[in-house]
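User: Please take a close look at the salt bridges of this structure. I should like a connected account of which partners meet, where in the fold they lie and how accessible they are, followed by the backbone and cysteine details that complete the picture.

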Amino acid sequence: MSVEAGSRALLADGDVVLVRPLHPADTAEVLALHTRLTQQDTYFRFFGARPSMLDKLAAEIAADPGPGHYAVGCYRRGELVGVANYEVLKDSRDAEVALVVDATVRTQGVATLLMEHLVSHARKAGLKRFVAEVLAENAKVLHVFADLGLRFEASVGGPERDVVMILDEDAAYLDAVLKRDSVADAASLTHLFKPSSIAVIGAGRRPGSVGHAILANLVASSYRGPVEVVNPHAREILGVPSVPSVAALSRTPELAVVCLPAPAAAEAVEECGKRGVRAVVIISSGLTGSEAGERVHAAVRDHGMRLVGPNCLGVVSTDPACPYDLTFLGTTVKPGNIGVVTQSGGVGIALAESLGDLGLGMSTLVSTGDKYDVSGNDLLMWWTADRRTELAVLYLESFGNPRKFSRLARQLARTRPVLAVRSGSGGTAQRAAASHTAAAATPAVTRDALFEQAGVIAVDTVAELVDVIAGLSWQLLPGGPRVAVVSNAGGAGVLAADACEREGLVMAELSDDTRDRLAKLLPAEAAVRNPVDTTAAVPPEALRRRAAGRPRRRRGRRGDRRDRAHRCRRPRDRDRRGAAAGVQDRLRGPARAARPRRPAGARPRGDRLLRRPGRGRRGPGPARPLRAVAEPPRDRGVPCSAGGSRCAEGVRRRT
């Protein structure tokens, strides 16, 4: 949604507001806002007593936007709580700014939010500077101007300060906006991920129903807060008390889950808004493109709620302080450090099952569905502040705000790996994506450019995604492209060598010391050059024990580290930071070992990253494991410098 049409935005405490341009019809509200100013606020605004022609001033502020005038208002639950406007000075590209904020929301960032919208509009209009006169004792407004991130100048001395703000594109301003967005977004998503109470609306008594499955998963997830069900045909379901309507709930839930047919779902969301619910998850489908869907949009906008869905799988959080499962998954999500956001519920189910089979857990799983509100950008901001999430996984078929995604993904990728599946590359796939999530798929060229610019590790299939997740979770992060292959069959070694070359990896030349050590360990007929063929005569467990040792390391010319044998372990935090930052590969770095360690309790699968010898079915061959090892350095990319020509500011908008 554009600034001209108005947009939902977030205050510093996470409260949702509407910011839109003002028009003559808003004159009475502008006048009422100025009338209820305190005596001190009136003095700061007018440098004296309230003017006698206040109604005329209100009409001038609320005039239709034009070449020399623009005003924007902030509405919280339908009430105007802040106004900012600029007037272009005669024969110049400067504009004088003024703002006023209701005392009840003064510490929530309303003034800063309004100024961001003014800056965005003024830049589009070709203006170069904002100027203002501020009383020296009005420290709060001076701080608002100074902290915007724009180049700021203020006169010194006297009772008034002449303030100048430069509107040129500036990386510092973009970073400041992004930081404020992240703080506000994380605060608003607290209602979703750490709710004090939950209501399940539409949970049925029949075990096969979606609502019943969601309630059963919630009960089994050890959620500690109070839970109620809304079902007019039952007094209790699965031991949880049930009431006939949202209005009859014993307390106002912080989070509500709606599992009803489309028309009833819209009515339930409206009732939630009236009751004061802060976040809603809509599992129901069939809303988008209908009158019911428009009612949901209106209810979320009017009552300032955060919304996941509709047409989604649900939400899972494994935070020990507030664990819950509000999905109809048939498997239990293990606690872990992987954050997942997916537009497709089916992809979410596949990832949950595959990662669970590998013994890997999630910190959060969010299925956005038709993403009326919460999107991938919101989760990127949440994970930036969430220390439990060490690896971010994205399945996105469309980008509502691609430029903002690029900045957010790049920011997150500096501290942890960000993975994504390339989806909707062909025309048929794009039409299918638009059909099942009601959103136009982003063109493949744009998507790939976004991933490359942000340093996102991109793969083509969910199976490859699981491979890379396993590699990043269990394997030493690669220090360079050199690989040593050890196999008990010559043919497998040849296939692995071919796969390395296809993926841009280098078959390392083993040192004399390494070959001598291998010759002592292996039968005489074994091949000790890379790829190493141990022959089938060597028991797999014996080879694994011997390979787990730590031989001394030799350094070649110019300090190059030669071949190194090592145990496979989970990467340390500094390893992850190095991978995510997009550091260029060391061309003569250590050879890679592609043997992940399976956690306790993980079940063997044929599509595992690698097979442990003698356990389960045979794997899919060497190509996929080596592709997984090659992915991070190949697709990591080097993020563009902040504030470059491809970066753009982001006024707080839902995507």
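Analyst: What follows starts with the salt bridges and then turns to the helices, loops and cysteines.

The model is predicted, so local features need pLDDT of at least 70 and side-chain atom pairs count only at pLDDT 80 or more, whereas totals for chains, interfaces and linings use all residues. Residues are numbered from 1 along each chain as its sequence is written, and side-chain values use heavy atoms, with hydrogens and water left out.

Side chains of opposite charge can pair when their charged atoms come close. Across the whole structure, a search finds 26 salt bridges, each defined as a side-chain nitrogen of Lys or Arg within 4 Å of a carboxyl oxygen of Asp or Glu.

The network that includes R306 merits the closest attention. Its members are R8, D185, R306, D373 and D378, linked to one another by salt bridges. Within the network, the side chain of R306 meets that of D185 in a salt bridge with an N to O distance of 4.0 Å. R306 belongs to strand β15 (residues 306-308) and D185 to helix α6, so this pair ties together parts of the chain that are 121 residues apart in sequence. Helices (H or I, at least four residues) and strands (E, at least two) are DSSP runs, numbered from the N terminus.

R306 also meets the side chain of D378 in a salt bridge, here at 3.2 Å from N to O. Because R306 lies in strand β15 and D378 in helix α11 (residues 376-385), this second pair ties together parts that are 72 residues apart in sequence. Strand β15 is thus connected through R306 to helix α6 and to helix α11.

Are R306 and its two partners buried or exposed? R306 has a relative accessibility of 2% and counts as buried. D185 is buried with a relative accessible area of 1%, and D378 is likewise buried at 1% relative accessibility. Here buried means under 20% relative accessible area, exposed over 50%, and partly exposed in between (1.4 Å probe, protein chains only).

Helix α6 takes part in a further salt bridge. The side chains of D175 and R407 meet with an N to O distance of 2.6 Å. This pair links distant parts of the chain, since D175 sits in helix α6 (residues 171-193) and R407 in helix α12 (residues 402-413), 232 residues apart. In this pair, D175 is partly exposed at 37% relative accessibility, whereas R407 is buried at 6%.

The backbone after strand β15 has a feature of its own. G309 and P310 are joined by a cis peptide bond, with omega about 0°. P310 is located in the loop between β15 and β16 (314-317). Another cis peptide bond joins N530 and P531, where omega is about 5°. For P531, the setting is the loop between α17 (512-521) and β26 (532-533).

Positive phi values occur at several loop positions and after a helix. R77, a residue other than glycine, has a positive phi near 50° and is placed in the loop between β3 (69-76) and β4 (79-88). With a relative accessible area of 42%, R77 is partly exposed. S222 is another residue other than glycine with a positive phi, near 65°, and it belongs to the loop between α7 (210-220) and β10 (227-230). At G455, just after α14, phi is positive at about 80°. In helix α14 itself (residues 444-454), the residues A444, R447, L450, F451, Q453 and A454 are buried.

The cysteines remain to be described. The structure holds zero disulfides, a disulfide being a pair of cysteine sulfur atoms within 2.5 Å. C74 is buried, at 0% relative accessibility. C259 is in no disulfide, and the nearest cysteine sulfur, that of C312, is 9.3 Å away. C259 is also buried, with a relative accessible area of 14%.

In summary, R306 pairs with D185 and with D378 inside a network that also contains R8 and D373.
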